[in-house]
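Q: I have a structure open and do not know where to begin. Can we go through how to read the features one by one?

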Amino acid sequence: MASAAEQLAANVNLSAFGKSEELKKRIWFTLGALIVYRLGTYVPLPGIDPEAFAKSFFGQSKGMLELFNMFAGGAVQRRAIFALNIMPYISASIIIQLLTSVFPTLETLKKEGEQGRKVLNQYTRYLTVALATFQAYAMAIGLEGQQGVVTEPGLFFRITTVVTLVGGTMFLMWLGEQITSRGIGNGSSLIIFAGIVAAFPSAIISTLELGRQGAISTGVILGVIGMSFAVIAFIVFMERAQRRLLITYPKRQHGNRVYEGQTSFLPLKLNTAGVIPPIFASSLLLLPTTVANFYQSTGSESVFATISAYFGHGRPLYMLAYVGLIVFFAFFYTAIVFNPTETADNLKKHGGFIPGIRPGERTAKFIDDVLMRITVLGAAYLAIICLLPEGLIAYANLPFYFGGTSLLIVVSVTMDTVAQIHGHMQAQQYEGLIRKTKLKGRRK
C-alpha cells in the first residue's frame with residue numbers, strides 16, 4: 001500500500017507550484033533567511049587572532065569539537081558570532097519539556113492552549129539566554145587560556161564575547177521562529193540542516209584529497225560512498241514506514257437519508273519523533289563538553305580533560321550515552337506529540353471504533369500498546385543509523401559529515417520540507433477547484 005507521502009505526491013499537479021504565489025513567497029523567505037544565517041557564520045568575533053586560533057583549533061579539532069563545528073555550520077572553526085548556533089535554544093526546549101512532565105504548574109500551562117504555549121515559549125527564551133551566557137563565558141575563558149589567540153585578554157574581551165555570542169544565538173532563535181511561521185519547514189531543523197549541507201562539498205574534496213595522498217585507500221572511500229547511499233535508502237524507507245490501524249464508522253441516518261458505514265485508517269509512524277531524538281541527544285552531549293574543549297584554566301584543567309577523554313567521539317562512554325539519550329527522547333517526544341487518550345476520545349465522539357476493541361479507555365490502551373511497540377523499533381532504527389557509520393568513520397579518520405546523524409538530519413528535514421511544499425500545492429489546487437465550482441454555479 002502506498003505511503004501517505006506517495007499518495008500526496010500523486011494527487012498534486014506540479015503546475016500548481018507556478019500558480020501559488022504564497023508558496024513561492026514562503027520558499028524565497030526561507031532561502032533568504034538561510035543565506036543570512038550562512039553569512040553570519042563568516043562574521044568573526046572581535047579580538048581574536050585568526051592564525052593563532054586556526055592552529056589551536058586544528059590541534060584539538062577531533063571529537064566533540066568537530067561535531068559541534070558541524071552543527072554550527074563551520075562557525076566554530078571560523079570563530080564566528082554564530083559559534084554557539086541554535087544549540088542552547090534546543091537544550092532549553094528539552095529542559096522545559098522535561099520540567100513540564102514533572103511540575104503540575106507547567107503541565108497546566110501546556111494544556112491551556114495557545115496562551116499557555118506562549119508562556120512556555122517565553123520561559124524557553126529566558127533559559128536559552130542563561131545557557132548561552134554560560135557557554136559563551138566558558139568559551140571566552142577558554143580562548144584566553146590559549147596562547148596568542150586573544151589579542152587583548154581581560155574583562156572587556158569576556159563581556160564583548162558573551163554579548164556577541166548570546167546575541168548570535170538569540171538572533172538564530174528568532175530567525176528559526178520566523179522560518180517556521182512565514183517560511184517552509186521547521187526553522188530550527190533547517191538552520192542545522194543548512195550548516196551540515198554547506199560543509200558537504202569541502203568534506204568530499206578533503207576526503208578525495210586524502211585518497212590522492214594515499215592516507216585513505218580507494219576501497220575505504222568506495223565503502224563510505226556505498227554506505228552513505230545505503231543509509232540514505234534505509235532512512236527514506238523507515239521514515240515512510242507506518243502501522244495503520246483500521247477504523248470503522250457505522251451507518252448514519254441524517255433525516256430520511258441513510259449513509260453507508262465507512263472505513264479509514266489511523267496511521268502511526270514507525271518513527272513518530274522524527275529527527276528530534278538525535279538532535280536532542282547531540283545537544284545534551286555538547287553542553288558539558290563545550291566547556292571541556294575550551295576551558296584551559298589551571299585549577300580545573302584535569303577535570304575537563306577527563307571529561308573530554310571519556311566523552312570523545314567514538315569512545316564507549318560517548319556511544320552508550322548517545323544511544324541512551326536517543327532511546328529516551330524517542331519515547332519521550334512520542335509521548336508529547338501523540339496522545340492515545342485524546343485520539344480515542346475523538347474517535348468515540350465521531351462514532352469511529354477499532355474492530356474488536358471497545359471505544360473509550362480500551363481503545364486508548366490498545367493504541368498506546370501499538371505505539372509503544374513500534375516506538376521500540378523506531379528507537380532501535382535511530383540508534384543503528386546514528387552509530388553504524390561511526391566505526392568506519394573512526395577507523396578511516398573521515399569527517400563527521402558522513403556520519404549517520406548528519407545523513408539522518410539532512411534526509412529527514414528534506415522529506416519534511418518537501419511534504420510541506422506538497423501540502424501547500426494541494427491546498428492551492430483545492431482552493432482553485434472550489435473557486436471553479438462556485439463560478440460554474442453562478443453561471444448556471
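The dialogue below goes from the overall picture to helices and then to single residues.

Q: What kind of model is this, and how many helices and strands does the protein have?
A: This is a predicted model. The protein has 17 helices and 4 strands.

Q: What share of the residues counts as buried?
A: Burial is judged by relative accessible area, and buried means under 20%. Of the 444 residues of the protein, 45% are in that class.

Q: How do I read contacts against the sequence?
A: Look at how far apart the partners sit along the chain. Take contacts between residues at least 6 apart in sequence: 76% of them join residues at least 24 apart.

Q: Which residues of helix 6 are buried, and how far does helix 6 reach?
A: Start with the span. Helix 6 covers residues 87-102, which is 16 residues. From its first C-alpha to its last it reaches 23 Å, close to the 22 Å expected at 1.5 Å a residue. Now the burial. Met 87, Pro 88, Tyr 89, Ile 90, Ser 91, Ala 92, Ser 93, Ile 94, Ile 96 and Thr 100 are the buried residues of helix 6.

Q: Where is Thr 124, and what does Thr 124 touch?
A: Find helix 8, residues 114-145; Thr 124 is in it. Leave out residues up to four places away in sequence, and Thr 124 touches Tyr 89, Ala 92, Ser 93 and Ile 96. Those four names are also among the buried residues of helix 6.

Q: Is Thr 124 buried or exposed?
A: Compare its value with the cut-off. The relative accessible area of Thr 124 is 7%, so Thr 124 is buried. Its side chain also has a polar atom 2.9 Å from the backbone oxygen of Leu 120.

Q: Where is Asn 85, and what is the sign of its phi?
A: Phi is a backbone angle, so check its sign and the residue type. Asn 85 lies in the loop between helix 5 (64-71) and helix 6. Its phi is near 55 degrees, a positive value in a residue other than glycine. Asn 85 is buried, with a relative accessible area of 1%.

Q: At what angle do the axes of helix 9 and helix 10 cross?
A: For a helix pair, look at the distance between the axes and then the angle. The axes of helix 9 (residues 155-182) and helix 10 (residues 187-213) come within 7 Å. They cross at roughly 115 degrees. Helix 9 is therefore roughly perpendicular to helix 10.

Q: Which residues make that contact?
A: Helix 9 gives Leu 172, Gly 176, Ile 179 and Thr 180. Helix 10 gives Gly 187, Ser 188, Leu 190 and Ile 191. By class, the contact has 4 nonpolar, 4 polar and no charged residues.

Q: Where is Ala 198, and how far is its C-alpha from that of Gly 73?
A: Ala 198 is in helix 10. Its C-alpha and that of Gly 73 are separated by 6.9 Å. Along the chain, the two residues are 125 residues apart. Ala 198 has 35% relative accessibility, so it counts as partly exposed.

Q: Where does Asn 271 lie, and which side chain makes a polar contact with the side chain of Asn 271?
A: Asn 271 lies in the loop between strand 4 (262-269) and helix 12 (276-294). The partner is the side chain of Glu 239, at 2.8 Å. Not counting residues up to four places away in sequence, Asn 271 touches Glu 239, Tyr 381 and Leu 382. The relative accessible area of Asn 271 is 3%, so this residue is buried.

Q: Which residues are in contact with Pro 278?
A: Set aside its neighbours within four places in sequence. Pro 278 is then in contact with Tyr 322, Ile 326, Leu 382, Cys 386, Thr 405 and Leu 408. Pro 278 itself is found in helix 12. It counts as buried, at 0% relative accessibility. Pro 278 and Thr 405 are 127 residues apart along the chain, and their C-alpha atoms are separated by 6.7 Å.

Q: How far does helix 14 reach, and which of its residues are buried?
A: Read it in two steps, span and then burial. Helix 14 (residues 316-337) has 22 residues and reaches 31 Å from its first C-alpha to its last. That is close to the 32 Å expected at 1.5 Å a residue. Its buried residues are Tyr 318, Met 319, Tyr 322, Ile 326, Phe 329, Ala 330, Phe 332, Tyr 333 and Thr 334. Tyr 322 and Ile 326 are also among the contacts of Pro 278.

Q: Where is His 422, and how far is it from Leu 23 in space?
A: His 422 is in helix 17, residues 404-443. His 422 and Leu 23 are 399 residues apart in sequence and 9.9 Å apart in space, C-alpha to C-alpha. At 17% relative accessibility, His 422 counts as buried.

Key:
Residues are numbered from 1 along each chain as its sequence is written. This is a predicted model: local features need pLDDT of at least 70, side-chain atom pairs count only at pLDDT 80 or more; totals for chains, interfaces and linings use all residues. Side-chain values use heavy atoms; hydrogens and water are left out. Helices (H or I, at least four residues) and strands (E, at least two) are DSSP runs, numbered from the N terminus. Buried means under 20% relative accessible area, exposed over 50%, partly exposed in between (1.4 Å probe, protein chains only). A polar contact is a pair of N or O atoms within 3.5 Å; within protein, one must be able to donate a hydrogen and the other to accept it, and residues adjacent in sequence count only if both atoms are side-chain atoms. Contact means heavy atoms within 4.5 Å. Axes are lines fitted to C-alpha atoms, for helices over the stretch in contact, and angles run from 0 to 180 degrees between N-to-C directions. Angles under 35 degrees count as roughly parallel, over 145 as roughly antiparallel, 65 to 115 as roughly perpendicular and the rest as oblique. Ala, Val, Leu, Ile, Met, Phe, Trp, Tyr, Cys and Pro count as nonpolar, Asp, Glu, Lys and Arg as charged, and the others, Gly among them, as polar. The expected span of a helix is 1.5 Å times one less than its number of residues.
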